[in-house]
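Biologist: I am new to reading protein models, and I would love a close look at one part of this one. Could you take the largest pocket as a starting point and then lead me outward from there?

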Amino acid sequence: QYIDGLIRTDILDFEKIHDFKAIQLVFELLRRRVGSPVSYKSIAEDAGISPHTVKKYIEVFESLFIVFRVTPFSKNIARSILKEPKIYFFDTGLVKGEEGVRFENTVAVCLLKQVYGIEDYQGKPAALQYLRTKDGKEVDFCIVEDETPVSILEVKLSDSNITKSLYYFHEKYGIPATQVVMHLKHSCMDASVMLKNGAEFLQELAL
């Protein structure tokens, strides 16, 4: 009922969109693809609409602070925008998926708040992005200040083994790297990468 009302009242009234079924389907598909790069073309095929319409619907969701996009980091800003973004929800309760996906969404929201704080209190341009190479190396999140990565972070439900990609980008950029694990008994350092208990990490962000 909440989601139905959200779409019918807030979204349709905001943009005067008349295809309720199409925008509802896009919304439901996004709920199930949190944490993965989103292909407008793929969603368009599933929803039976054009990629341009999918992009328009997502922009409406963003304008109403229902979702936010996390784009891949690239020195070439235009290229980064064209690459597939990840979509996260401001309300983690809207996410459809396993516990690990919902936890990643929660971390994304908290990191975005941190980015807003950097911009508001320090006056620096900042962004929440992710890292990915052509050969598939990927890290969930990257805090960027003045178009320069300053920290990277990988989110896991229970895997305390540091990912190879996190080590790779840590060495490549020479910046702090953290693997946040929801079910981790004790935070510690593993070589030069921080292993952090999920609750601890979120509490520290809130300070």
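How many nonpolar, polar and charged residues does the lining of the largest pocket have?

Modeller: Happy to! One thing to keep in mind as you look: this is a predicted model. The lining of the largest pocket has eight nonpolar, two polar and seven charged residues. That makes 17 residues around the pocket, and those nearest its centre are Phe 73, Lys 83, Arg 132, Thr 133 and Lys 134. Two elements, strand S3 (126-132) and helix H7 (164-173), each give two or more residues to this lining. Helix H7 has the largest share, with four residues. The space inside the pocket comes to about 300 Å³.

Now pick out Arg 132, one of the residues nearest the centre of that pocket, and follow its side chain. Arg 132 forms a salt bridge with Glu 138, with 3.3 Å from N to O. Arg 132 is partly exposed, at a relative accessible area of 39%. The trail does not stop with this pair, since salt bridges that share partners join Lys 86, Arg 132, Glu 138 and Asp 140 into one network.

Let us look at another link in that network. The side chains of Asp 140 and Lys 86 meet in a salt bridge at 3.8 Å, N to O. Asp 140 sits in strand S4 and Lys 86 in strand S2 (residues 86-89), so this pair, 54 residues apart, links distant parts of the chain. Are these two partners buried or exposed? A residue is called buried when its relative accessible area is under 20%. Asp 140 has 8% and therefore counts as buried. Lys 86 has 0%, so Lys 86 is buried as well.

In the whole structure, a search finds 12 salt bridges. Another of them lies between Asp 46 and Arg 33, at 2.5 Å from N to O. Here Asp 46 belongs to helix H3 (residues 40-47), while Arg 33 is in the loop between helix H2 (20-31) and H3, and the two are 13 residues apart. Asp 46 is partly exposed, with a relative accessible area of 43%. Arg 33, at 23%, is also partly exposed.

Helix H2 leads us to another contact across the chain. Leu 30 has its place in H2, and this residue is buried, with a relative accessible area of 1%. In space, the C-alpha atoms of Leu 30 and Ile 87 are 7.1 Å apart, although 57 residues separate them in sequence. Ile 87 falls within the range of strand S2, residues 86-89.

Strand S4, where we met Asp 140, takes us to the second largest pocket. Strand S4 (138-145) supplies at least two residues of its lining, as do helix H6 (99-122), strand S5 (148-156), strand S6 (177-181), strand S8 (193-197) and helix H8 (198-206). The lining has 16 residues, and Gln 114, Ser 151, Leu 153, Thr 178 and Phe 201 lie nearest the centre. By class, they divide into 11 nonpolar, three polar and two charged. The volume of this second largest pocket is about 250 Å³.

Helix H6 is worth a pause. The end C-alpha atoms of H6 are 34 Å apart, which agrees with the 34 Å that its 24 residues should span at 1.5 Å a residue. Its buried residues include Phe 103, Leu 111, Leu 112, Val 115 and Ile 118. Just after the helix comes Gly 123, with a positive phi of about 70°.

Helix H4 (residues 51-63) lets you try the same reading on a second helix. H4 has 13 residues and reaches 18 Å from its first C-alpha to its last, close to the 18 Å expected. Its buried residues are Val 54, Tyr 57, Ile 58, Val 60 and Phe 61. Because these cover an arc of only 155° around the axis, they are on the same side of H4.

Finally, look at the backbone. Most residues other than glycine have a negative phi. Phe 65, which is found in the loop between H4 and strand S1 (67-72), has a positive phi near 55°. Phe 65 is exposed, with a relative accessible area of 57%. Glu 147 has a positive phi too, near 65°, and this residue is in the loop between S4 and S5. Both of those strands give residues to the lining of the second largest pocket.

Conventions:
Residues are numbered from 1 along each chain as its sequence is written. This is a predicted model: local features need pLDDT of at least 70, side-chain atom pairs count only at pLDDT 80 or more; totals for chains, interfaces and linings use all residues. Side-chain values use heavy atoms; hydrogens and water are left out. On a 1 Å grid over the protein atoms alone, a cavity is a set of points where a 1.4 Å probe fits but cannot get out, and a pocket is an open set with protein on both sides within 12 Å along at least five of seven lines; lining residues have an atom within 4 Å of a point. Grid points are joined across faces, edges and corners, and a volume is the space filled by probe spheres set on the points. Ala, Val, Leu, Ile, Met, Phe, Trp, Tyr, Cys and Pro count as nonpolar, Asp, Glu, Lys and Arg as charged, and the others, Gly among them, as polar. A salt bridge is a side-chain nitrogen of Lys or Arg within 4 Å of a carboxyl oxygen of Asp or Glu. Buried means under 20% relative accessible area, exposed over 50%, partly exposed in between (1.4 Å probe, protein chains only). The expected span of a helix is 1.5 Å times one less than its number of residues. The arc is that of the directions from the helix axis to the C-beta atoms.
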